[in-house]
Amino acid sequence: MIYRGFILERLTNLFAFCKHPAIIALFAHAIIFGLIHSYQGLSGVIGTGLSGLLFGAVYLTMGRNLVMLIFFHGFVNTLNFIAIYLGAL
């Protein structure tokens, strides 16, 4: 909710002078999101940066609706926890 609902929107406003502010903000917010996860190493930065890019793109294409992303995020986390429990990760 913070990254998509707040930061992405603020970055879009910041880049309002550009031709496609939402696209520039999408990539900027994905980079920030990835760098915040630098404690996970390079693979964590890249993985979370790409997931931030995907989640941000879905947010923008779904009419800036966070509800779908909240459920999807929970689903992805559930799959990850199951994979960790089963020893797949």
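How many aromatic pairs does a search of the whole structure find? In this predicted model, the search returns 1 aromatic pair. The two partners are F55 and F72, whose rings lie 5.3 Å apart, centre to centre, with 45° between the planes, an arrangement classed as tilted. The pair joins distant parts of the chain, with F55 in helix α3 and F72 in helix α4, 17 residues apart. The two partners also fall into separate classes of accessibility. F55 has a relative accessible area of 9% and is therefore buried, whereas F72, with a relative accessible area of 37%, is partly exposed.

F55 also belongs to the largest nonpolar core, which has 9 residues in all: L8, L11, F15, A25, L26, F55, Y59, L60 and L69. Helices α1, α2 and α3 are the elements that give two or more residues to this core, and α3 gives the most, with 3 residues. Contacts of one core member, L60, were examined further. When neighbours within four places in sequence are left aside, L60 is in contact with L8, A22 and L26. Of these partners, L8 and L26 are themselves listed in the core.

H29 is placed in helix α2, which spans residues 21–36. The relative accessibility of H29 is 0%, so this residue counts as buried. Not counting residues up to four places away in sequence, H29 touches Y3, R4, L8, L11, G52 and G56. Among these contacts, L8 and L11 are also members of the largest nonpolar core.

F72, the partly exposed partner of the aromatic pair, is also part of a nonpolar patch on the surface. This patch is formed by L54, F72, F75, L79, I82, Y85 and L86, and together these residues have about 790 Å² of accessible area. Helix α4, covering residues 66–85, supplies the largest share of the patch, 5 residues. One of the patch residues, L79, is found in helix α4. With a relative accessibility of 43%, L79 counts as partly exposed because this value lies between the limits of 20% for buried and 50% for exposed residues.

Polar pairing was considered next. Side chains of opposite charge can pair when their charged atoms come close. The count for this structure comes to 1 salt bridge. In this salt bridge the side chains of R64 and E9 meet, at 2.6 Å from N to O. Distant parts of the chain are linked by the pair: R64 lies in the loop between α3 (41–61) and α4, E9 lies in helix α1 (residues 2–14), and the two are 55 residues apart. E9 has a relative accessibility of 16% and so counts as buried, the limit being under 20%. R64, by contrast, is partly exposed, with a relative accessible area of 37%.

The backbone of R64 was also noted. Phi of R64 is near 60°, a positive value in a residue other than glycine. The loop between α3 and α4 thus holds, in R64, both this positive phi and one partner of the salt bridge with E9.

How values were computed
Residues numbered from 1 in each chain as written. Predicted model: local features only at pLDDT ≥ 70, side-chain atom pairs only at ≥ 80, totals over all residues. Heavy atoms only, no water. Helix = DSSP H or I, 4+ residues; strand = E, 2+ residues; numbered from the N terminus. Buried < 20%, exposed > 50% of the residue type's maximum accessible area, 1.4 Å probe, protein only. Contact = heavy atoms within 4.5 Å. Patch = residues over 30% accessible without salt bridge, like charges linked within 9 Å, V, L, I, M, F, W, Y side chains within 5 Å. Areas by Shrake-Rupley, 256 points an atom, 1.4 Å probe, with all protein chains shown as cover. Salt bridge = Lys/Arg side-chain N within 4 Å of Asp/Glu carboxyl O. Core = buried A, V, L, I, M, F, W, Y, C linked by side-chain atoms within 4.5 Å. Phe/Tyr/Trp six-rings, centres within 6.5 Å; stacked < 30°, edge-to-face > 60°.
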